[in-house]
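Here are my notes for you to read with the structure open beside you. Take the points one at a time and find each spot as you go.

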Amino acid sequence: MTQHLFASPTGATPRETVFLVNLLQDVNILRGLVYLAARETETDLRFLISTAFLKRDAQGIWQREISQIAQDVGAHLNVFGSPLEAFAILQGRSGTLIAASESSLSAHKETSGTFRVAPPGFLRVTLQHGFECVGFLQNREHVRAHGRNITFYADVVCGWQAANTLTAMAPSQRSKLYVTGPSALLQAPRRGPEHPPVDGGMICENLHSVRLTASGNHRAVFMDIFFEYCDDLAAQGKSVTLRPHPGGQYVLKNNVALPDNVTLNNLPMYKVDLPAYAYGISAPSSVVIDMVLAGIPVGVWRDPAGIMDAGNYDGLTEIAGLDDWRAFERDVALRPEMILERQRLFLERSTMVTDPAEVYRRFARLLVAGERLGQGGVTPTAVPEVTPAKISPPVACPDKPLRVLFVANGVIPTLQLSFLKPLAPLLQDGSVVHQIVTADDLIENFGAERASREAGVWFEKQMQAFEPDLIIACRYNSAHAARIAKVAQARDIPLIFHVDDDLLNIPREIGEKKYLVHSNPKRLDSVNLLLKNSDLIYASTDKLKRRLRNLGVRTPITVGQVYCTSRILRLVEPGPVRRIGYMGFDHAHDFEIALPALEQYLEKHPDVEFELFGSIPMPDQLLRFGDRINLVEPVRDYAAFLQKLASRKWDIGICPLAHTAFNTVKANTKWVEYTAAGMATIATRGMVYDDCAADGRGLLIDHDHWFEALEYLTDHPDERYRMAQQAQTHLLLSYSEQQLRDQVLDVFQKAIVTKTAAQQSRSGALAAHTPKTHITTDGLIEWSN
Amino acid sequence: MKITVIIPNQAWANTAGVRIRYNRIAAPLEAAGHSFDLVPIDSLRAASLPKSDVWIISKCHDARALLLAQVLKSRGVLVGVDFFDDYYSQKNNSRFVHLRSWFRSILPSLDFGLCSTPNMQATLKQLAPALPCHVMNDPFAQFDPEVIAGHVERNALRTRETKIVDIGWFGIGDNPHFTLGLHDLSAMGQILTRCRQAGYTPRLSVLTNQRALTVERLELLSRLSVPMALEEWSEERESALIAQSLFCFLPVNAQHFSVVKSLNRAVTTLSSGAQVLSAGFPLYAPLKDYVYRNPISLLRDLEKDKLKMRRETLAALGKLMQSSADPKREVEKAVSFFKKLKPRKATKWPARGVAGVIHGVRSSGDVHKGVQRLGHLSVSSPASKAKLNYDVDPRMSKDGQTLDIHLSARGRDALPEDLKTRTQEVAKQDPKAPQRFSLRLTRKEIPALPRLSAETLPGSRLQRLEFYDREMDMVQAVLSRLYTESAMVRSEMASPYWSDLGVAQ
């Protein structure tokens, strides 16, 4: 332990929902909950991943899945190798800590250890992670191996069924039970292009399971029957799909040769289109329940001698020898309703919560409760009885273009780089249609009367006429903000307020004129109104979100991982430093930080030129350098601006930033722009560039080291070249337009979801009926009426 | 006077115990014209033992110390043990069999005992009434009233203004045998919540060793009733923590092991500028005028600007420290004590035959090497598990009728001539391996040999434990036959078989 283990002990930290991943199966169990937490809570999301998991996932299949989920929801990722490391990560934080598999068993020591050391501000939740599951519902082999007194360190234990049917739950643990139903029901499969062809039935192998070896060599018996069955099907020209257990992977690990008419499906369960299969066969395993819930006829295989304990599956169709398999396949074709009726009765008897909507509601209550709980010890009884869950409607119909209305002060750079640029392909192919209404239009049409009622009516008509599906107010703080909210409300469409600065606290340093304009009480009123009345605030950085929360903004806020993107406009050029520059608009106070060092530097290096690109006047101190200094006029169009910047061919771009509250919440745009233009970046440490310019992708310095930093890169041209190259590699990998496009579309989706949830909450529709479910693009089960 | 302290190894020289207890007296000793040395036991050689008037064995709980004490005693110098901890009085605790055995074995060789508290002195008085014992208090590193007053006043002002009380806890968080350290903090930490009663928010910072941070102890820390910060201990962090804390919390439980501990944590806290809040056993009673037992009293004093340790009381505290923790004074008292002792006359040891160590169940390679470096025999027993180049390695035949004894050159050279001629050189597989010899004896040649054969050796640990003494007696009988007389000590680093029982020590 060399690191400082402690974060602020008493300072208020934002609450988090932390997902603990240890076994490979955990990803499948937790995935739906992660999306639910992202949608239903305001908490920061975090994955805490054990090194044991990383070892188990030798092929990286599940790590990629986690990465995708984390990217989707903007979750943090941490890896821990010991309880001490987990403690170090969790210390100073609070919220809800969720493990898919946690108990007093040694197999769960990574998760139970983490639960034990978790700070008291965490509500610890574990889940029943299978139909038969230690500590919940055990089979004979479970009891033999682990006994009957399995306990949990969790405060809340989420079960699939009512307490009276969870026969293995120890008396000491029963007060912790919260019946949610299976978390797998939170997600329905999305059949992607990687899905193998669906043909015939699905045979699931869980041959690694102790159940198939504990009371005899059932493994060999199963495989023998399976091969015979395949031969049988082949003779009839039929095929079948084999699915290895996600953790066990027996047939793959043992290189079992499969007949030609067998298709392998090894996708994560949430990517398997189970309902599309004609039937399913498996030895007793949770996948039986998955298939039953998917509504396909299921045969539960038991060894022909009847030794294996399958008591918990009583009532389902049992098959053993080859004749049974054949008969089952025949029944599936002739009398599927008979099998399905058995399954319906089985589920009814089990008391399992099988309605996905209800499962969603129950988990949502729990997570929202976890979000609201204060610091200190927590007991399950603290979970509130009812908290209306927000519900997700379908996203815009794919065959109809999404109509997006942008409202801004003008066609400002933020609008261009945050929306128009990333959405350009969709705007071109017509899948998104947009219109821009600006305050500049008001000035053009009404001049000094732009705030008049007449102007407002005109403004509103412009918005109405477009018939938008979605309105985005981009940094808007001009007149008639209330009319924007009114249009959104009247049309029942989501309103997103996009902010990339603390518009309520524009500092004087940014320029007197700009300060006076933006501090006008009417403009502040507009900002406040939009902050309050939007359905979703789209903030550029996490710190800005925190700032808004500190200012009392309670509207849902989503934060983008990427603010500004760019492709590479000019490759880095090796060689000595010949030209350096600063690009900025109205940020003279920032630039002044580096000015003395710049003077000193230019004196020492008569071969180097300096350029100032933007609206800041050239400081008097630099005028003495004559034609070695150059002022480049600002360019309003963002694409042209970037091209112009690249054409200046600076070797170094500087990013001095004053340590002001305003600057703290800004985005790292300058680094992106300098990097795209092939320049090495020197930036102020401790502000917004610490991540992007880390690891040799820039030079991060304190304010009294500007001269030394410029000197260093001048004296080490190879280092400057390498630094700028590394930065461009990072730009390619992490700041692509595709990433920003996905992010913007995700924000649209979130806004639609939030809006619909609010509508249904208001109308009381939730209590009035049981809605049907459908599948969203990200594979989640959501509501539709 | 030359004083030599024997420590287990060089790394030990950097531990807190050495730093606090010995390094702080080195300078005053030398200033008074004496010389002082810390010597690792594993660096000692029989032929080149340094000259010294007083030898103090410190924390060397193994058979090397037993042999060394004998050797030194035979040379007519003063030998003593600095008893840090009480591992000897818990007669009912089977974990400490080996330590009690060590204590009994070394006692006849000692001229004096040294300890750091009157409580430990009293314990030793009971265990070894005839052993002269001196209390050498752990000295403070420095006592600078101006620095202390600065810390006290700054912390007091900040606490009054912010209403946040910074509290420190520092030290070793665990012990292999006793529940203390972080367990004490957990057991008695509830008292810190009283700060809230007085209108203050407690904020605890903990500095401890990484080994202590197991799941169990981290869980204890996570369930403390006050907000807590955790960092790994270092000397620099400890100084910084104390200097920034209004008070340090020093809970002590009342088990034998803990009640004989020194006052060093309180002395360090006070001399570094923080108040002391004590809980549990009143270990720090000798400093009671500067020690709080209740945080509410402390915070009331804070509000009245009348903290027990403040600028006006530092002079009196300084005097108290001088009487109980001043390095110069402690040196004077210790030297005076040593001067009153009379070393015994030098005698040959062993008078006849050989001396050495019989390795038991849990011995160590370091002991094996150390014994040989001191010029004595390293002897295996049936219980020995380590494969070492023993000087004497007796092996019973399966039928229990013959004994094959493997010998090193040193073991063979010490044999009487009649046996020496019966030895045979063992063919070496590795040409670089040392020369080995073998000697076969029959049962009839060793009348005192207990009934024991390889085949009758039972398997279970409890049965092995029952056989333990018989096995050791067998080795002793063999040695008596081989060398007529032998002065042997047993080497056990843990209670025989105890740690193999699956019970946490």
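1. Let's start with a single pair of residues: A:Phe613 stands opposite A:Val632, and that valine sits in β22(A). Keep in mind that you're looking at a predicted model. The strand to find next is β21 of chain A, residues 609-614, which pairs with β22(A) in the parallel sense over four bridges.

2. Now zoom out to the sheet around that pair. Which order do the strands of this open sheet in chain A follow? Reading across, the six strands go β22-β21-β20-β23-β24-β25, with parallel pairing. At the edges are β22 (629-632) and β25 (699-701) of chain A, each pairing on one side only. From one strand to the next, the twist averages 20°.

3. A helix packs on this sheet too: α26 of chain A, residues 717-734. That helix touches β23 (652-655), β24 (680-684) and β25 of chain A, and its direction makes about 85° with that of β24(A).

4. While you're in chain A, have a look at helix α27, residues 737-763. A:Asp746 and A:Lys750 both lie in α27, four residues apart, which is about one turn of the helix. Their side chains meet in a salt bridge, at 3.4 Å from N to O. Over all chains, the count comes to 65 salt bridges.

5. Over to chain B, which has an open sheet of six strands as well, again with parallel pairing. The order here is β9-β8-β7-β10-β11-β12. What are the edge strands of this one? They are β9 and β12 (291-292) of chain B, and each pairs on one side only. Inside the sheet, β7 (residues 164-170) runs parallel to β10 (residues 247-252) in chain B, and two bridges join them. One match to look for is B:Ile167, whose bridge partner in β10(B) is B:Phe247.

6. For antiparallel pairing, go to β15 (residues 392-396) and β16 (residues 402-408) of chain B, which pair over five bridges. Here B:Pro394 stands opposite B:Ile405 in β16(B). The two strands form a hairpin with five residues between them, and in the turn you'll find B:Gly400, with a positive phi of about 80°. β16(B) also pairs with β18 (residues 436-442) of chain B, in the antiparallel sense over seven bridges. There, B:Leu403 stands opposite B:Leu441 in β18(B).

7. Last stop: the place where the chains meet. The contact takes 17 residues from chain B and 20 residues from chain A. Between them the chains bury about 1,700 Å², with 59% of that on carbon and sulfur atoms. Three residues, B:Val215, B:Leu218 and B:Arg223, supply 27% of the area that chain B buries against chain A, more than any other three residues.

8. What about charge and polarity at this contact? There are two salt bridges between chain B and chain A. One of them joins the side chains of B:Glu219 and A:Arg116, at 2.8 Å from N to O. Five residue pairs are in polar contact between the chains. On the chain B side, β8 (201-208), α8 (215-222) and β9 (228-232) each supply at least two of the residues that touch chain A. By class, that side of chain B has seven nonpolar, three polar and seven charged residues.

Key. Residues are numbered from 1 along each chain as its sequence is written. Chains are lettered from A and ligands numbered from 1 in the order in which they are written. This is a predicted model: local features need pLDDT of at least 70, side-chain atom pairs count only at pLDDT 80 or more; totals for chains, interfaces and linings use all residues. Side-chain values use heavy atoms; hydrogens and water are left out. Contact means heavy atoms within 4.5 Å. Buried area is the accessible area (1.4 Å probe) that two parts lose on being put together, summed over both. A salt bridge is a side-chain nitrogen of Lys or Arg within 4 Å of a carboxyl oxygen of Asp or Glu. A polar contact is a pair of N or O atoms within 3.5 Å; within protein, one must be able to donate a hydrogen and the other to accept it, and residues adjacent in sequence count only if both atoms are side-chain atoms. Ala, Val, Leu, Ile, Met, Phe, Trp, Tyr, Cys and Pro count as nonpolar, Asp, Glu, Lys and Arg as charged, and the others, Gly among them, as polar. Two strands pair if DSSP finds at least two bridges between them. Axes are lines fitted to C-alpha atoms, for helices over the stretch in contact, and angles run from 0 to 180 degrees between N-to-C directions.
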